[in-house]
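Reader: I'm new to this one. Could you walk me through how to read it, feature by feature?

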Amino acid sequence: MTALAAGRGLSEPGRSWALALLYPLAAAIVALFIAYPVVELLAHAAMSDGRVSFAPLARVLSEPYNRQAIYNTLLLGLTVAVLGTILAALYAYAMTRVEMPGKAVWHFLALLPTISPPILMALSLILLYGRRGLVTHELLGLQTTALYGYWGLVVAQVLSYFPFAYLLLLNLFRGLDASLEEAAGTMGAHPGKVLATVSLPLLVPGLAAACVLLFGYSFADLGNPLLLGGDFPVLSSQIYLAIIGQYNIPRGAALAILLLLPAALLFFFQKHLSARTAHASVGGRGALRHPQVRHPAAKAGALVVCGGMSLVIVMQYATVLAGATTRIFGINNTFTLRHFSAVLAGSRNALVDTIGLGVAAAIASAILGVLIAYFVARTRRFGRGMLDFTANLPLAIPGTVIGLGFALAFNHRPLLLTGTAFIIVAAFSMRALPYTIRSGVAALQQIHPSLDEASTNLGATREQTLWRVLLPLLRPAVIAGMIFTFTRSVTTLSAVIFVVSPHWSLVTPTILSQMDRGDLGEAAALSVILVVLVLAVIHGVPRLVGRDWRESA
Amino acid sequence: MRQLNRRDFTKIVLAGAASALPFAARAQSGGKLTLYMGPPEKTCAAVAQGFEKKSGIKPTFLRLSAGEAINRIRAERNAPQASILYGIGLPSMLTLKSDGLLEPYKSPEAAAIPAKYKDPDGWWTGSDADFIGIASNKKFLQEKGLKAPQSWEDLTKPQYAGQICVGSPATSGTGYTFLTTIIQLMGEQKGWEYLKRFNANVSQYTRSGIGPTQLVGRGEVGVGILFAHDILGSIDKGFPIEMSLPQEGTGYDLFCVVLLKGAPEPVEAKRFIDWSLTPEAVELLAASEYFDVPTNPKAKLHDLVKPYQNAKLIDYDFNWAGSATVRQQLIDRFQNEILAGRK
């Protein structure tokens, strides 16, 4: 009895000094690498001559070209949101409610775009539909620049980002309480009426959330607007051009703020919607299996949607592969591996650096994510709400804005990180942190606190409990977080374009510059290597995880 | 499925940390030189290799466009990462100089270079020069029964509607040189009027200055406005391209080598500047298919370049074009008056 009492005494929060030290440390890291760069960016945008001033913002807004960019950004985002949501809803509906063959294949193909850099879409679209594209020029004999601009961007972004909306809606469709529909059916409503009066109203918040999600992705995309933008300027590419073309940092920062504000608003709106979606499906999960529609017309329709969309996606990847293995795609289709050898000779450093830094980021993000998840879910420390909020901010901040904030914040003493590997690892891991935290929190919530208590009662300190009891149980979540961080890191362009340096080159900016030079073959070869690498990590790091990491995204 | 235990996890973390160590060590210097370079990758590699062979110093370079280079060097003001900026046009170098980001160095090798190609105080030294030319796809000319454009005015003719490509002045050095050439040649008012008429024929303003080479080479557009080295490079590769020069006179740029302020490897950097101005070094440019005119009169001219050595050049005002305010004004006006109207 006395021993037990002593043990409890040891485990009082005040005595667990390691965690007591780690808490402020984690908070400091989050403040330094998430809050501070945003503040620095705001300072650059809203200060002139050392005083707070809205002059840079006003000047940016007064220019017709920038106003056009703002309008275009909204127009593009809206189109992508609506089109993408419709497609994703149809796809998800077909997958959950219609009996059809090949579901595993459709699911795999629909998710393929989530693991490739978005510029891959631009690359294959140029190869297929560009001025010298296989379809437009060789098959149809057209010489058109129609791809470059609004429509090209719509297609590229819908293809790149619809899978995220699909996943969101897939979970929603699965989670809807089947008994409600069944009850309506039993009371005599025909299926159409059930859909209109029961299912759809339940789905509205989810559909809205998918729209907002897609809107946010479209907003943040940099690669596609740079490559396919043509005469269609959008905000993210204007930020890049203000900085790279005009050397004008205050203007770039002001434009970044214009991009950040709506993105942040959208994020909180989406969070609000997701909370409502959660209510809609409470109690429904797994309660009843949804009846599968077997009507031939519905099956055919579902196959057309899933098959058609999958075909388009397969075409994209096949084109990139073809572009990588032919001398000049569409002009000289002789098989060759020279693009691969050129890439392995010329861009080996970029590949090695990208992998090394991606792994480092995965480790950093996993450690920090687990710690913060623990503090948020298991402790009542002062300011943990604030910590949770700040650590989740990167979800709301477009990559270009994070990258620019990093470049501005860490180029002077005492935080001189420009040109180091550290700044890249930090940018990578901070962007992925919300996901690792979220999967950590979700996992912790499934572990009953009585386990902690049992461990504590047996005399373990809180550190020991975390290390010996919780961590082994959290393993799947930790690994999922690491895989996510790695994938996200090696495929991002927007977050790193301002922080790469001669000693640390990365794959995505290399692909961009290869495309600029017109070396489409090398760009395609490097993209293929990157996609294969990520696929190997996702499927090769064996299925230690019970679920796909993307489903938590 | 094997359970991964705590010890395994520790091992993974340690292994990850250990694998990161060699990366961390790589950033240090010692008989090394870090350069930012503007020419195409292949030329950068040839120059870097040539220097390594000659000096034994290990160079690391990053290829950047003029804008990327300036932005980066400004951002690194407090911790310069590179010692040398090489092969970027003079206007950008003047921008850096006015920002106080350069260090003067009068190389003994610069003595051989004519005065107009170097700064008297050694802030910058031009290693090679190049002018703006007009590249026409031969098949396009044949099909349309046209002669290659002989003047800036020719480019506004209806035959070229939708057939012209040039780098955007907002993002490419080529585009900016084109824009400033037109304004200097025709004056403020007439120049902008010309640009509007010219714009009506433009298919696309590409993001990088070299972008139109491929487009013209493959016949995606008929005519491109490019630096001559890019045009000659494509001709050398066998693309069906013809180069012509505008009879009103054309603008040019002087590609310089500069020592960056606070260079981490000053000794190696000076050795590089000395070497980069020698005939042996500038001849590497043409050897790697980058056909510029060397400023060093002792260097041999490549056969492809010879016919153009007496090209009619305007007296390009670098101080005007290189001023940050002028650049900002011109690009703003270009975006708001020319680009904003395009659909």
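Reader: Which residues touch the most other members of the largest nonpolar core?

Author: The general idea first: in soluble globular proteins, nonpolar side chains tend to be buried together. In this predicted model, the largest nonpolar core has 274 residues, and those touching the most other members are Tyr91(A), Leu123(A), Leu169(A), Ala256(A), Ala427(A) and Ile84(B). Helix α16(A) supplies the largest share of this core, with 17 residues.

Reader: Let's pick one of those. Which residues does Ile84(B) touch?

Author: Leaving out residues up to four places away in sequence, Ile84(B) is in contact with Leu33(B), Leu35(B), Val257(B), Leu259(B), Leu260(B), Ala269(B) and Phe272(B).

Reader: Now zoom out for me. How many helices and strands does chain A have?

Author: Chain A has 23 helices and 4 strands. Its C-alpha atoms fill a box of roughly 90 × 70 × 50 Å along the principal axes. A compact globule of 553 residues would have a radius of gyration near 24 Å, so the 25 Å of chain A agrees with that. Of those 553 residues, 53% count as buried. Look at the contacts in chain A with a separation of 6 or more, too: 81% of them join residues 24 or more positions apart.

Reader: How do I read a single helix, say α2 of chain A? What is its span?

Author: Compare the distance between its end C-alpha atoms with what 1.5 Å a residue would give. Helix α2(A), residues 17–46, has 30 residues and reaches 41 Å, close to the expected 44 Å. Look along α2(A) and you'll find a kink of about 35° at Ala35(A), shortly before the proline Pro37(A).

Reader: And where the chains meet, how many residues does each one give to the contact?

Author: The size of an interface is often given as the accessible area lost when the parts come together. Here we can count residues instead: chain A gives 44 and chain B gives 52. On the chain A side, the elements giving two or more residues are α4, α12, α16, α21 and α22. Helix α21(A) gives the most, with 5 residues. By class, that side of chain A has 19 nonpolar, 16 polar and 9 charged residues.

Reader: One last oddity. What is the phi of Glu289(B)?

Author: Most residues other than glycine have a negative phi. Glu289(B) isn't a glycine, yet its phi is positive, about 65°. You'll find Glu289(B) in the loop between α11 and β11 of chain B.

Reader: Does that spot have a burial class, and which is it?

Author: Glu289(B) counts as partly exposed, because it has 18 C-beta neighbours inside 10 Å.

Terms used. Residues are numbered from 1 along each chain as its sequence is written. Chains are lettered from A and ligands numbered from 1 in the order in which they are written. This is a predicted model: local features need pLDDT of at least 70, side-chain atom pairs count only at pLDDT 80 or more; totals for chains, interfaces and linings use all residues. A residue is buried if 20 or more other C-beta atoms lie within 10 Å of its own, exposed if 12 or fewer, and partly exposed in between; C-beta atoms are placed from the backbone. The expected span of a helix is 1.5 Å times one less than its number of residues. The bend at a residue is the angle between axes fitted to the seven residues ending there and the seven starting there. Two residues are in contact if their C-beta atoms, placed from the backbone, lie within 7 Å. Ala, Val, Leu, Ile, Met, Phe, Trp, Tyr, Cys and Pro count as nonpolar, Asp, Glu, Lys and Arg as charged, and the others, Gly among them, as polar. A nonpolar core is a set of buried Ala, Val, Leu, Ile, Met, Phe, Trp, Tyr and Cys residues joined through C-beta atoms within 7 Å. The radius of gyration is taken over C-alpha atoms; the globule rule is 2.2 Å times the number of residues to the power 0.38.
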